[in-house]
Amino acid sequence: MPETGPEPPLFEAVSTPPRSLRPLALAVLAVLCVGWPLVGGVVFMLIGAWPVVPFLGLESALVLFGVMLHHRWSGRAWEVISIGPARLSVRWRDGRGRQDEAVLDPYWVHVELCDRRGLTLVQRDRRVPVGRFLSAEEKADLAAALRQALAAYRQPVFDNPQLRAP
């Protein structure tokens, strides 16, 4: 008897935070953050306000460091929603590397989308928020796709060769 691997998921959605800052834009931002203290430092030196110069450079360095750190952390975050043969799992990781997983029974889960709470998977008293990185339109699309996938899971199509017409 040949061994089969794990069954592929019936539905899978992967979301990541938007990262609009491309490498070229990050380089331009770095040049601006370095160029401003240089130009501003010369101006302040000419008017005799030399004690301002170190603070101007420190402030710009902190801003650039914060932007780079946020850019790095947002590249590590993700969320995966998958519906398998007997389970619905929501796995996520934040930018600092913390991971978590929620496992639900797809037969009993329903999808809630509201303005205040966002997109939530509900099973009895358990609520699992999903779509953290998505816009309102993308959340509505994901909610529709999840509802369709759960409906397909609950009403499987069986193909019985004995019941086919001759």
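V109 sits in the loop between β4 and β5 (110-114). In this predicted model, V109 has a relative accessibility of 1%, so this loop residue counts as buried. What does V109 touch, once its neighbours within four places in sequence are set aside? The contacts are L104, L121, V122, Q123, L150 and R154. There's also R126 to look at: 17 residues away from V109 in sequence, with a C-alpha to C-alpha distance of 9.6 Å.

Now for T120, a residue of strand β6 (residues 118-123). T120 comes out at 4% relative accessibility, so T120 is buried too. Leaving out residues up to four places away in sequence, T120 touches H110, V111, E112, R127, V128 and P129. Keep E112 and R127 in mind, as this pair comes back with the salt bridges.

**The four-stranded sheet**

On to the sheet. It is open, has 4 strands in the order β1-β2-β3-β4, and its pairing is antiparallel. β1 and β4 (99-104) are the edge strands; each has a single partner strand, so one side of each has no neighbour in the sheet. From one strand to the next, the twist averages 10 degrees. Helix α3 (residues 136-154) packs on this sheet, where it touches β1, β2 and β3, and its direction makes about 25 degrees with that of β2.

Let's walk through the strands. β1 covers residues 11-15, and its pairing with β2 (residues 78-83) is antiparallel over 5 bridges. Within that pair, F11 stands opposite I83, and V14 has V80 as its bridge partner. In a regular strand, side chains alternate between the two faces of the sheet. β1 shows a covered face with F11, A13 and S15, while E12 and V14 make up the uncovered one.

How many residues of β2 are buried? The count is 6 of 6, so to speak of a covered strand is fair: β2 is mostly covered. W78, V80 and S82 point one way from β2, E79, I81 and I83 point the other way, and all are buried.

β2 goes on to pair with β3 in the antiparallel sense, over 6 bridges. These two strands form a hairpin with 4 residues between them. I83 in β2 finds its bridge partner in L88 of β3, and I83 is also the residue opposite F11. β3 (residues 88-93) then pairs with β4, again antiparallel and over 6 bridges. In that pairing, R91 stands opposite E101.

**Salt bridges**

Side chains of opposite charge can pair when their charged atoms come close. Over the whole structure, 5 salt bridges turn up. Three pairs, among them, are listed here with their closest N to O distances.

| Pair | N to O distance |
|---|---|
| E79 and R132 | 2.5 Å |
| E101 and R87 | 2.9 Å |
| E112 and R127 | 2.7 Å |

The E79 and R132 salt bridge links distant parts of the chain: E79 is in strand β2 and R132 in the loop between β7 (126-130) and α3, 53 residues apart. Is E79 buried or exposed? E79 is buried, because its relative accessible area is 1%. R132, on the other hand, has a relative accessible area of 39% and is therefore partly exposed.

The second pair brings us back to the edge strand β4. E101 forms its salt bridge with R87, and here too distant parts of the chain are linked: E101 is in strand β4 and R87 in the loop between β2 and β3, 14 residues apart. E101 is partly exposed at 37% relative accessible area, and R87 is partly exposed at 38%.

In the third pair, the side chains of E112 and R127 meet, joining strand β5 to strand β7 across 15 residues. E112 has a relative accessible area of 23%, so it is partly exposed. R127 is partly exposed as well, with a relative accessibility of 39%. Which residues are linked in a network of salt bridges? That network is made of E112, R117 and R127. Both E112 and R127 are contacts of the buried T120.

**A nonpolar patch**

One last stop, on the surface. V39, V42, V43, L46 and I47 form a nonpolar patch there, and together they have about 520 Å² of accessible area. One of these residues, V42, lies in helix α1 (residues 23-46).

How values were computed
Residues are numbered from 1 along each chain as its sequence is written. This is a predicted model: local features need pLDDT of at least 70, side-chain atom pairs count only at pLDDT 80 or more; totals for chains, interfaces and linings use all residues. Side-chain values use heavy atoms; hydrogens and water are left out. Patches are made of residues with over 30% relative accessible area and no salt bridge: like charges are joined within 9 Å, nonpolar side chains (Val, Leu, Ile, Met, Phe, Trp, Tyr) within 5 Å. Accessible areas come from the Shrake-Rupley method with a 1.4 Å probe; for residues, only the protein chains shown count as cover. A salt bridge is a side-chain nitrogen of Lys or Arg within 4 Å of a carboxyl oxygen of Asp or Glu. Buried means under 20% relative accessible area, exposed over 50%, partly exposed in between (1.4 Å probe, protein chains only). Two strands pair if DSSP finds at least two bridges between them. Axes are lines fitted to C-alpha atoms, for helices over the stretch in contact, and angles run from 0 to 180 degrees between N-to-C directions. Contact means heavy atoms within 4.5 Å.
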